[in-house]
Amino acid sequence: MRARPFALLAAATAVATLALAAIALGAEARDGDTPLRLAQTDSPDRPSAPVRLIPPGSAEEPSAEPDKPPETDTPSAAAPEAEPPDGESVTATSLEVLDTASVGLIDSNEGGLGVALWQGSKRALIERLLARLPAKTRSASARKLAIRLLSTRAQAPRGESNGPDMLTSRVARLVELGAAEAASRLANQVPLDRAGESLSRSAVEALFLQHDNSGACQRVRDVARRSEDSYWQRAFAFCLLLSNEGARADIIVDVLAERGDEGAPFFPELVETLNGGETAVVESLPDPAGLDLAMMRAANVRLPADVLGSDRPAVLRSVAASPNAELELRLAAGERALVYGAIDGDRLNELYAAVQWDDDAHADPAKTAEGVWGPRGRALLLLSAAAADGAEAKARMLTHAFELARENGGYDVVAAASVPVLAALPQDPALAWFAPEAVSALLTAGRVEQAQAWLGLAESEAEPGTVAGEASSRLWAIGLLAAPDTTAAVDETALAAWRRSAYGGNAETARTAEVVALSLLEALGAKPSPGRWADLLAEGTPTRVAAPDIAWGRALQEASAAGRVGETVLIALLGLNGANGESPGAAAMRLVVESLRRVGLDSEARSLALETAVAHRL
């Protein structure tokens, strides 16, 4: 008698498994190579024929042809590099296409880091470091470099593989960085039949986070028919709902309930809502998956406030574009997504435009914004700057915005959101006074070339005793860091004038700023006058700061000295994790800048040095 309950449970489990397999196989038999019919996407509706839950190939139904893998543009070869770092020769100029670690989106002619990116590195180490690459950073330059690293088409590193799959890690990191489109394209470089579940899940999440339900469901169907993992079954049920096949989705809900699946406790309620039932209420969703957000968007279920708890750039980007979220939530998500580079200033300004104000608020925007500082206050100032009549008025309004942001927080948001307005301002001599503000904001946003144009304006208009001359003196350190050749000796007279102009009589602040400036300048090849470091030591008490991790610093130096480009970039990025909003110290940045220059990444090193200078208010 005791054996009977176990037998019944085993039978129920077997029936559940067969039901899920029949649903997936039935979809394959019905659709063949055609896409799922999604009622809630841009695909045209087509009537669906009756579907029987019978596996293909049975006596009652002919087998469907197997799905054909999509065409890919996986390269068979890449252009050879002109000269690898430190004179090392490239042992191979063609990529082994059988190794998925070699695939990529860009080569050296398209911004990639070269086919020899991983030459000299051990595969197991690279696999482990890729999996640890920071998923978010406040540094625009670091984010750009990370995306280029992850997207580069390069020969796979040598050695045994005993860590996370490289391609899977690269796609997952791109998704988390908010570069969902690049992640999708990279995942598609490998045929579906060679993509494991982890890679496929990252690819599907990227598509759901882009609000591309149709594209996601194509891959979901392929994996769900061979996987019993609850994520794939929930995703398949959602795709069935989008195809107006609610009855089949209900079967999956029942089967997952029998299994005791607790991966998404609100899943049955969302299915019911999408089936035309009562609107679900989700009270908490602190770490949502792309699938969760896609289902809630399709069901028009309000997102809870704690949806931003994970602080993931990909999630922030999706929430900012979700019509089923309150405007305040979308504004908060949009600002944080902008800081992490997941959206640009134009996208945030579109959200800002949705904020409603009384006419009185526009009479004195700066005063109104100060009283309600936050996303709404920043929105008022940025929109007022864009609408101001004339370049001078726009610059004045932006100056108010920058000053309030420095005092009350959110400077990086205002700087990045101001880029569209700054781009429209002419580099007019009448605006030379505005150059320091423009340079600071543009460098914070990672717009080095635009910042250099304003630096050129300040220098060309510099006259002793004038406002433009004062602006040029204040920008001396930034200008020297931005110069294409920074190998000359540091001019002591210009250095002293900079300290007076930028810091006045505040000797302690001036000393701290000079330490940072000279450290970065030396890393870029400049030569302070002999004895200057000793003078600074005698000038004040040494600042006590946390030293860089010794293992990180030595590993970075060893990799760069050996010319291992990809390994150097990976290790450098591991030390630039700005997730807590803290800028790396001057000692750490000096190591990074020196190491990147050593492997030939001079412009990237300069961009990071300039960002550091602005972060320390040089």
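A polar contact is a pair of N or O atoms within 3.5 Å, where, within protein, one atom must be able to donate a hydrogen and the other to accept it. Keep that in mind for the first close-up; everything in these views comes from a predicted model.

**Figure 1. T137 and its link to the backbone of S139.**
Start in the loop between α2 (123-131) and α3, where T137 is found. A polar atom of the T137 side chain lies 3.1 Å from the backbone nitrogen of S139. T137 counts as buried because its relative accessibility is 8%, and the limit for that label is under 20%.

**Figure 2. The surroundings of E176 in helix α4.**
Helix α4 covers residues 166-176, and E176 lies in it. Is this glutamate buried or exposed? E176 counts as buried, because its relative accessibility is 14%. The side chain of E176 is joined to that of R312 by a polar contact of 2.8 Å. Once neighbours within four places in sequence are set aside, E176 is in contact with A135, R312, P313 and A314.

**Figure 3. The whole chain and its largest nonpolar core.**
Here is some context for the other views. The protein chain holds 30 helices and zero strands. Of its 618 residues, 52% count as buried. Take the contacts between residues at least 6 apart in sequence: 68% of them join residues at least 24 apart. In soluble globular proteins, nonpolar side chains tend to be buried together. The largest nonpolar core in this model has 184 residues, and V319, L398, F434, W454, W498 and V592 are those with the most contacts inside it. Helix α8 (residues 230-242) gives the most to this core, contributing 10 residues. For a closer look, pick L398: leaving out residues up to four places away in sequence, it touches L382, A385, S418, V421, L422, L425 and F434.

**Figure 4. Helices α6 and α11 side by side.**
Helix α6 (residues 197-209) packs with helix α11 (residues 290-299) at an angle of about 35°, and their axes are 8 Å apart. Which hand does the crossing of α6 and α11 have? The crossing is left-handed. From α6, the residues E205, F208 and L209 meet G290, L291, L293 and A294 of α11.

**Figure 5. Two positive phi angles, at H211 and N300.**
H211 is found in the loop between α6 and α7 (213-224). Its phi is near 65°, a positive value in a residue other than glycine. With a relative accessible area of 28%, H211 is partly exposed. N300 is found in the loop between α11 and α12 (313-320). N300 is not a glycine, yet its phi is positive at about 55°. N300 counts as exposed because its relative accessibility is 54%, and the label applies over 50%.

**Figure 6. Helix α25, with A513 as a landmark.**
With 17 residues, α25 reaches 24 Å from its first C-alpha to its last, close to the 24 Å expected at 1.5 Å a residue. Buried residues in α25 include A510, R511, E514, V516, L518 and L521. What do the buried residues of α25 pack against? Their partners are α23, α24 (492-503), α26 (532-539), α29 and α30. A513 is placed in α25 too, and it counts as buried because its relative accessibility is 5%. Not counting residues up to four places away in sequence, A513 touches W498, Y503 and L618. From A513 to A502, C-alpha to C-alpha, the distance is 9.6 Å, and the two are 11 residues apart in sequence. Just after the helix, G525 takes a positive phi of about 110°.

**Figure 7. Helix α30 and the helices around it.**
Helix α30 (residues 602-615) has 14 residues and reaches 20 Å from its first C-alpha to its last, close to the 20 Å expected at 1.5 Å a residue. How many residues of α30 are buried? The helix is mostly covered, with 11 of its 14 residues buried. Among them are the charged side chains' owners E604, R606 and E611, along with L608, L610 and V614. The buried residues of α30 pack against α3 (140-151), α20 (435-444), α21 (448-460), α23 (476-482), α25 (507-523) and α29 (586-598). Just after α30, R617 has a positive phi of about 55°.

Notes: Residues are numbered from 1 along each chain as its sequence is written. This is a predicted model: local features need pLDDT of at least 70, side-chain atom pairs count only at pLDDT 80 or more; totals for chains, interfaces and linings use all residues. Side-chain values use heavy atoms; hydrogens and water are left out. Helices (H or I, at least four residues) and strands (E, at least two) are DSSP runs, numbered from the N terminus. Buried means under 20% relative accessible area, exposed over 50%, partly exposed in between (1.4 Å probe, protein chains only). Contact means heavy atoms within 4.5 Å. A nonpolar core is a set of buried Ala, Val, Leu, Ile, Met, Phe, Trp, Tyr and Cys residues joined through side-chain atoms within 4.5 Å. The expected span of a helix is 1.5 Å times one less than its number of residues. Axes are lines fitted to C-alpha atoms, for helices over the stretch in contact, and angles run from 0 to 180 degrees between N-to-C directions. A crossing is left-handed if the near helix is turned anticlockwise from the far one by less than a right angle, and right-handed if clockwise.
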